[in-house]
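Subject: Structure for your review

Dear colleague,

I am handing over the structure below, followed by an account of what was found in it. Please read the notes with the coordinates open beside them.

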Amino acid sequence: MRIAQNSPILVVGLGPVVLDFYEQLMADGFEVDVMAYPGTIDRKYDLIFAFTKDNLEEKVKWISSVESLVADDGLLCINIDGISLDEIQQSLNSEVIGVNFCYPVCASPFMEIITTARNKPQDIDALYDWAVGRWNKDPYIVKKGISIRAYMVAAMAREAFYLVEQGYASVESIDRACRNDAGYYLPFTGNYLYMDLMGTVAYALVMKELNSELSNSSTVPDWFSDKIEKGQGGMKDGLGLYAYNEGDDVKWNAIVREYSKEINELITKYKKEYAEG
């Protein structure tokens with residue numbers, strides 16, 4: 001497949017990433033429609049991006065509802081987190097591709113393209129080339145149907161939960177440790193390049209002693225589940241892991257967008273080009 005300059009695009013879903021994605025496509029001159037939920041449209045699209053909750057049944061339902069809108073040789077993409085792409089493809093006998101963005105889409109070069117052996121190389125290449133050449137993203141390709149972003153974020157969150165639950169540190173201390181250490185080098189190097197920069201031997205020695213001590217929990221802690229059950233879902237609810245005042249969600253949303261633009265300028269300035277392997 002080849003994605004043309006004026007290829008029609010459909011965005012389906014709810015949430016800040018969806019809205020930001022749609023608005024950025026519009027601002028960049030793409031021909032794009034948006035729907036909150038799958039519906040009937042008398043039109044075909046070269047690209048369809050669907051964003052759903054991390055639920056296999058919902059993903060299958062949404063893909064089934066919009067796949068008739070895909071043009072011949074068009075591409076259908078779905079966000080992937082804990083549910084593997086392989087599960088989705090097997091449920092539908094489909095060649096849907098996994099695609100993740102991060103918020104704010106307008107400022108971040110992040111784009112994760114998730115594939116399995118079912119996906120045609122030419123489709124993957126077309127999506128990758130479109131992302132780089134037409135939309136100025138810095139995509140990477142993941143094989144075997146999982147989101148490596150989701151895996152790495154979950155691993156860090158699990159360890160953060162464990163350290164708080166076991167009394168090693170407070171929520172505030174965990175946030176300081178993340179921001180003031182990894183927060184400084186990750187935008188510049190990523191994990192592997194930083195290991196080379198600091199010396200791989202040191203990592204081998206530390207991990208040999210530390211790995212057996214890390215959390216292997218398969219559930220979130222009770223104190224966190226209690227917050228969810230009580231409706232303490234974060235800034236939008238006024239209470240989460242921290243307490244918030246009215247209007248804080250709007251204020252912090254603006255801060256995140258401005259910060260993301262500034263940090264992207266630094267990433268671009270010191271960017272290392274990685275060869276996709």
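Across the interface of domain 1 and domain 2, four residue pairs are in polar contact, with both residues of each pair at pLDDT 80 or more. On the side of domain 1 that touches domain 2, the residues divide into six nonpolar, one charged and no polar. Please keep in mind that this is a predicted model, and that every value given here was computed from it.

Between domain 1 and domain 2 the count of salt bridges is one. As for salt bridges by residue, Arg-257 forms one with Asp-20, and the closest N and O atoms of that pair lie 2.9 Å apart.

As to the arrangement behind these contacts, the protein chain is divided into domain 1, covering 9–146, and domain 2, covering 151–270. Seven residues from domain 1 and seven residues from domain 2 take part in the contact. The centres of domain 1 and domain 2, taken over C-alpha atoms, are separated by 26 Å. The size of an interface is often given as the accessible area lost when the parts come together; for domain 1 and domain 2 the area buried between them is about 660 Å², with 59% of it on carbon and sulfur atoms.

A separate point concerns the cysteines, since you may wish to know how many disulfides the structure holds. The number is zero. The sulfur of Cys-102 has its closest cysteine sulfur in Cys-106, but at 10 Å that is too far for a bond, given that a disulfide requires the two sulfur atoms to be within 2.5 Å. Cys-102 counts as partly exposed because its relative accessibility is 23%, and Cys-106, with a relative accessible area of 25%, is partly exposed as well.

Best regards

Technical notes: Residues numbered from 1 in each chain as written. Predicted model: local features only at pLDDT ≥ 70, side-chain atom pairs only at ≥ 80, totals over all residues. Heavy atoms only, no water. Domains from an automatic or database assignment. Contact = heavy atoms within 4.5 Å. Buried area = accessible area lost by both parts, 1.4 Å probe. Salt bridge = Lys/Arg side-chain N within 4 Å of Asp/Glu carboxyl O. Polar contact = N/O pair within 3.5 Å; in protein donor to acceptor, adjacent residues only side chain to side chain. Nonpolar A, V, L, I, M, F, W, Y, C, P; charged D, E, K, R; others polar. Buried < 20%, exposed > 50% of the residue type's maximum accessible area, 1.4 Å probe, protein only.
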